[in-house]
Each structure stands twice: as structure tokens, then as C-alpha cells.
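Grab a pencil and get the structure up on your screen. Try each task yourself before you read its solution.

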Amino acid sequence: ATQFLLGMIQDHYGPRVCSVFSNVCVGLGCFVFVFEAAHGHDELEMPVQWTFYLGAMLMGAGGPGVQLSIVHIGNLFPGIEN
């Protein structure tokens, strides 16, 4: 489902906007994980699991868009090879 939405974003706005949007989602997901790890909990306290779910959802939503954009940008220059 995420690839379909990111594909629509890429078709309408282009690979640059899709890449920025996807990288922001992945970055926010990483930030949520770091924020949760920095504010650790006591052993007796239940960890706040929704922050882990939120971070995983953000990184999962942005990950395919990063790959989709990079592959598309790579196909724009087919004559340039190593």
C-alpha cells in the first residue's frame, strides 16, 4: 500500500520530492527510536510501546520510497556507467 501511494507522489511531483518525503519519514522514524532510547524506563515500569510502533511505521512507510526514487533517478542517466 505504501509503494502505491509513494508511486503516485513520484508520478505527480517527481522523484526529487518523493525522495525528500521518504527520507524525512525514515529520519523521523529513527528520531523516534533515539528519543525513546534516550528516555529509558525503569525496570519496573512498562515501556511505552507505541513509540516503537510509530518509529517502525514511519521507517516502513518511507523505506520503499527511498529505493523507488533512487532507482528512478538512476534510470534517468542510462549512458553513464562505471
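Below are five short exercises, each with a worked solution.

Before you start, note that this is a predicted model: local features need pLDDT of at least 70, side-chain atom pairs count only at pLDDT 80 or more, and totals for chains, interfaces and linings use all residues. Residues are numbered from 1 along each chain as its sequence is written, and side-chain values use heavy atoms, with hydrogens and water left out.

**Exercise 1. The overall layout**

Task: Work out how many helices and strands the protein chain has, and which pattern they follow.

Solution:
- Step 1: Count the elements. You should get 3 helices and 0 strands. Helices (H or I, at least four residues) and strands (E, at least two) are DSSP runs, numbered from the N terminus.
- Step 2: Read along the sequence, and the pattern comes out as α-α-α.
- Step 3: Check how much is tucked away. Of the 82 residues in the protein chain, 22% are buried. Buried means under 20% relative accessible area, exposed means over 50%, and partly exposed is in between (1.4 Å probe, protein chains only).
- Step 4: Look at the contacts (heavy atoms within 4.5 Å). Among those with a separation of 6 or more, 68% join residues 24 or more positions apart.

**Exercise 2. Helix 3 under the ruler**

Task: Find out what length helix 3 reaches from its first C-alpha to its last, and what length is expected.

Solution:
- Step 1: Locate the helix. Helix 3 covers residues 49-75, with Gln-49 in it.
- Step 2: Take the expected span, which is 1.5 Å times one less than the number of residues. For the 27 residues of helix 3 that gives 39 Å.
- Step 3: Compare. The helix reaches 40 Å, close to the expected value.
- Step 4: Find its buried residues. They are Thr-51, Gly-55, Gly-62, Gly-65, Val-66 and Ser-69. Gln-49, on the other hand, is partly exposed because its relative accessibility is 39%.

**Exercise 3. Aromatic pairs**

Task: Search the whole structure for aromatic pairs and say how many there are.

Solution:
- Step 1: Know what to look for. Rings of Phe, Tyr and Trp (its six-membered ring) pair if their centres lie within 6.5 Å; planes under 30 degrees apart count as stacked, over 60 as edge-to-face and the rest as tilted.
- Step 2: Run the search, and you find 2 pairs. Phe-31 and Phe-35 have ring centres 6.3 Å apart and planes at 25°, so this pair is stacked.
- Step 3: Place these two. Both Phe-31 and Phe-35 lie in helix 2 (residues 15-38), 4 residues apart, which is about one turn of the helix. Phe-31 is exposed at 54% relative accessibility, while Phe-35 is partly exposed at 44%.
- Step 4: Turn to Phe-33 and Phe-52. Their pair is tilted, with 5.9 Å centre to centre and 35° between the planes. Phe-33 sits in helix 2 and Phe-52 in helix 3, so the pair ties together parts that are 19 residues apart in sequence.
- Step 5: Check the accessibility here too. Phe-33 is partly exposed at 27%, and so is Phe-52 at 33%.

**Exercise 4. Two cysteines**

Task: Explain why Cys-25 and Cys-18 have no bond between their sulfurs.

Solution:
- Step 1: Start with the search of the whole structure, which turns up 0 disulfides. A disulfide is a pair of cysteine sulfur atoms within 2.5 Å.
- Step 2: Check the distance. The sulfur of Cys-25 has its closest cysteine sulfur, in Cys-18, 9.7 Å away, and that is too far for a bond.
- Step 3: See where they sit. Cys-18 is buried at 0% relative accessibility, and Cys-25 is buried at 11%.

**Exercise 5. Ser-22 and its neighbours**

Task: Decide whether Ser-22 is buried or exposed, and list what Ser-22 touches.

Solution:
- Step 1: Find Ser-22 in helix 2. Its relative accessibility is 0%, so Ser-22 counts as buried.
- Step 2: Follow the side chain of Ser-22, which reaches the backbone oxygen of Cys-18 at 2.8 Å.
- Step 3: Leave out residues up to four places away in sequence, and Ser-22 touches Leu-6, Gly-62, Gly-65 and Val-66.
- Step 4: Try Ser-19, also found in helix 2. The C-alpha atoms of Ser-19 and Ser-69 are 5.5 Å apart, although their positions lie 50 residues apart along the chain.

Notes: Polar contact = N/O pair within 3.5 Å; in protein donor to acceptor, adjacent residues only side chain to side chain.
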